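Hi,

Here is the structure I said I would pass on. Have a look, and my notes follow underneath.

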Amino acid sequence: MRARDRLVLEAMYASWATKDLDAVLSCCSNDIVFVMHLPPEIIRFAGESWGKAAIIPRLRMIIDGFDFLEYRPVHIDDAGDVSHSLVRYRFRHKRTGYEIEGTMRHVWTIEGDQIVRLEEFHDTPRVSTFFELLAQAESEKPQREFPNIKRNS
């Protein structure tokens, strides 16, 4: 991995962890492609989008909806033209207090000193279950048990 690429990724991670959307966007090319590999029918901000204008509302939904209790890369590696990273996260949904934690993988493409493509891979069943729980909580319908999801008061 080129030193400059690593600096771009570290700046991106630090900016996202502090919810500094302007700094996040400064790391991205104007025509960035962002793919969050989760079912968009369950998670409104999932799927694929092209360009800064398209990713801003998606990122804003995450920033506005969640407290970031932990967000840090635990491994960044270079595989030639792309970089791979593993991120440890713990988020709290602001309206319900429900928390989710885990790891996600990122695949990055950087050209010059800007990110042109980011693909994000999650534990799909875990994240889908969490968003199902959120939907139930917000609709105030009776909920089934989700033993791996904690709720804070």
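Let's start at Lys 94, where a polar atom of the side chain sits 3.4 Å from the backbone oxygen of Asp 64. Bear in mind throughout that this is a predicted model. Lys 94 belongs to the loop between S4 and S5, and it counts as partly exposed because its relative accessibility is 42%. Leaving out residues up to four places away in sequence, Lys 94 touches Lys 19, Ile 63, Asp 64, Gly 65, Phe 66 and Asp 67. For Asp 67, the C-alpha to C-alpha distance to Lys 94 is 6.4 Å, with the two positions 27 residues apart in sequence numbering.

One of those partners, Lys 19, is worth a click of its own. Lys 19 is in the loop between H1 and helix H2 (21–26), and its phi is near 60°, a positive value in a residue other than glycine. Is Lys 19 buried or exposed? Neither, quite: at 25% relative accessible area, Lys 19 is partly exposed, since buried would take a value under 20% and exposed one over 50%.

Stepping back to the whole chain, you'll count 4 helices and 7 strands, and reading along the sequence they come in the order α-α-β-β-α-β-β-β-β-α-β. The protein has 153 residues, 47% of which count as buried. If you take the contacts between residues at least 6 apart in sequence, 51% of them join residues at least 24 apart.

Now the inside. The largest nonpolar core has 41 residues, and the ones that touch the most other members are Trp 16, Phe 66, Tyr 71, Ile 115 and Phe 131. H4 makes the largest share of this core, with 6 residues. Ile 115 shows how the contacts spread: neighbours within four places aside, Ile 115 is in contact with Val 8, Leu 9, Met 12, Cys 27, Cys 28, Ser 29, Ile 32, Trp 108, Thr 109 and Ile 110. Phe 66 turns up both here among the core residues and in the list of residues that Lys 94 touches.

Then there's the empty space. How many cavities of 30 Å³ or more does a search of the whole structure find? The answer is 1, and its volume is about 370 Å³. The lining takes in 28 residues, and the closest to the centre are Trp 16, Met 36, Ile 62, Met 104 and Glu 120. The elements that give two or more residues to this lining are helix H1 (3–17), strand S1 (28–37), helix H3 (52–65), strand S3 (66–78), strand S4 (83–93), strand S5 (98–111), strand S6 (114–121) and helix H4 (124–139). By class, the cavity lining splits into 25 nonpolar, 2 polar and 1 charged residues.

The largest pocket also comes out at about 370 Å³. Its lining is made of 16 residues, with Arg 44, His 93, Arg 95, Phe 131 and Glu 138 the closest to the centre. Here the elements that give two or more residues are H3 and H4, and H4 has the largest share, 5 residues. By class, the pocket lining has 8 nonpolar, 2 polar and 6 charged residues. Phe 131 is one to keep selected: it is in that central group of the pocket and also in the list of core residues that touch the most other members.

Two serines to finish. Ser 49 is in strand S2 (residues 47–50) and counts as buried because its relative accessible area is 6%. Its side chain makes a polar contact of 2.5 Å with the side chain of Arg 58. Not counting residues up to four places away in sequence, Ser 49 touches Ile 32, Val 33, Phe 34, Ala 54, Ile 55 and Arg 58.

Ser 128, in helix H4, is buried too, as its relative accessible area is 12%. With residues up to four places away set aside, Ser 128 touches Pro 39 and Ile 42. Ser 128 and Leu 38 are 90 residues apart in sequence, yet 7.8 Å apart in space from C-alpha to C-alpha.

Shout if anything is unclear.

Cheers

Technical notes: Residues are numbered from 1 along each chain as its sequence is written. This is a predicted model: local features need pLDDT of at least 70, side-chain atom pairs count only at pLDDT 80 or more; totals for chains, interfaces and linings use all residues. Side-chain values use heavy atoms; hydrogens and water are left out. On a 1 Å grid over the protein atoms alone, a cavity is a set of points where a 1.4 Å probe fits but cannot get out, and a pocket is an open set with protein on both sides within 12 Å along at least five of seven lines; lining residues have an atom within 4 Å of a point. Grid points are joined across faces, edges and corners, and a volume is the space filled by probe spheres set on the points. Ala, Val, Leu, Ile, Met, Phe, Trp, Tyr, Cys and Pro count as nonpolar, Asp, Glu, Lys and Arg as charged, and the others, Gly among them, as polar. Buried means under 20% relative accessible area, exposed over 50%, partly exposed in between (1.4 Å probe, protein chains only). Contact means heavy atoms within 4.5 Å. A polar contact is a pair of N or O atoms within 3.5 Å; within protein, one must be able to donate a hydrogen and the other to accept it, and residues adjacent in sequence count only if both atoms are side-chain atoms. A nonpolar core is a set of buried Ala, Val, Leu, Ile, Met, Phe, Trp, Tyr and Cys residues joined through side-chain atoms within 4.5 Å.
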